[in-house]
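Work through the exercises below with the sequence and the structure open beside you. Try each task before you read its solution.

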Amino acid sequence: MYNYGKCEICNTLLEEKNIQQDFWIKGKLVVIENLPAGVCPQCGEKVVNGEVGEHIDRLLKDSNRINKAPTISVPFIKYEIESMAV
Ligand SMILES: [Zn+2]
């Protein structure tokens, strides 16, 4: 297990978790699942270690893999104050 140390924001000990993180790559939203990261139980800050960071870089540059990956649809809404009024 990797020791992520403490959260830079609130100084709480980070917990190792497998998370789901989204990245915008050339206007495309890509989600990486099962990503090992240190997560702050206090404020939700997430950090990844150097090795994982490099692997993420490689994954996100692998356009072949991205093109073949299963896709999900996500809600796409406009920020409109008027529509918030009920
Ligand atoms: Zn924190």
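**Exercise 1: Pairing in the sheet**

Phe-23 stands opposite Val-30 in β2. The model is a predicted one, in which local features need pLDDT of at least 70 and side-chain atom pairs count only at pLDDT 80 or more, while totals for chains, interfaces and linings use all residues. Residues are numbered from 1 along each chain as its sequence is written.

Task: find how many bridges join β1 to β2, and in which order the strands of the sheet lie.

Solution. Begin with the elements: helices (H or I, at least four residues) and strands (E, at least two) are DSSP runs, numbered from the N terminus. By this rule the protein chain has three helices and three strands, and along the sequence they follow the pattern β-β-β-α-α-α. Next, count the bridges, keeping in mind that two strands pair if DSSP finds at least two bridges between them. Ten bridges join β1 to β2, and these strands run antiparallel. Two bridges join β2, residues 28-39, to β3, again in antiparallel fashion, and Val-39 has Lys-46 in β3 as its bridge partner. The result is an open sheet in the order β1-β2-β3. Because β1 (15-25) and β3 (46-47) stand at the edges with a single partner strand each, one side of each is left without a neighbour in the sheet.

**Exercise 2: The turn between two strands**

Task: say which residue in the hairpin of β1 and β2 takes a positive phi, and whether Gly-27 is buried or exposed.

Solution. The hairpin has two residues between its strands, and there Lys-26 takes a positive phi near 45°. Most residues other than glycine have a negative phi. Asn-11, in the segment before β1, also has a positive value, with phi near 70°. For the second part, apply the burial rule: a residue is buried if 20 or more other C-beta atoms lie within 10 Å of its own, exposed if 12 or fewer, and partly exposed in between, with C-beta atoms placed from the backbone. Gly-27, in the loop between β1 and β2, is exposed because 5 other C-beta atoms lie within 10 Å. Lys-26 has 8 C-beta neighbours inside 10 Å and therefore counts as exposed, and Asn-11, with 11 such neighbours inside 10 Å, counts as exposed too.

**Exercise 3: Checking a helix**

Task: work out what span helix α1 should have, and how many of its residues are buried.

Solution. The expected span of a helix is 1.5 Å times one less than its number of residues. For the twelve residues of α1 (residues 50-61) this gives 16 Å, and the end C-alpha atoms are 17 Å apart, which agrees. The number of buried residues among the twelve is zero, so α1 lies largely in the open. The count of buried residues among the eleven residues of β1 is likewise zero.

**Exercise 4: The whole chain**

Task: find what radius of gyration the protein chain has, and what a compact globule of 86 residues would have.

Solution. The radius of gyration is taken over C-alpha atoms, and the globule rule is 2.2 Å times the number of residues to the power 0.38. The rule gives a value near 12 Å for 86 residues, but the protein chain has 17 Å. Its C-alpha atoms fill a box of roughly 45 × 40 × 20 Å, taken along the principal axes. Buried residues make up 7% of the 86 residues.
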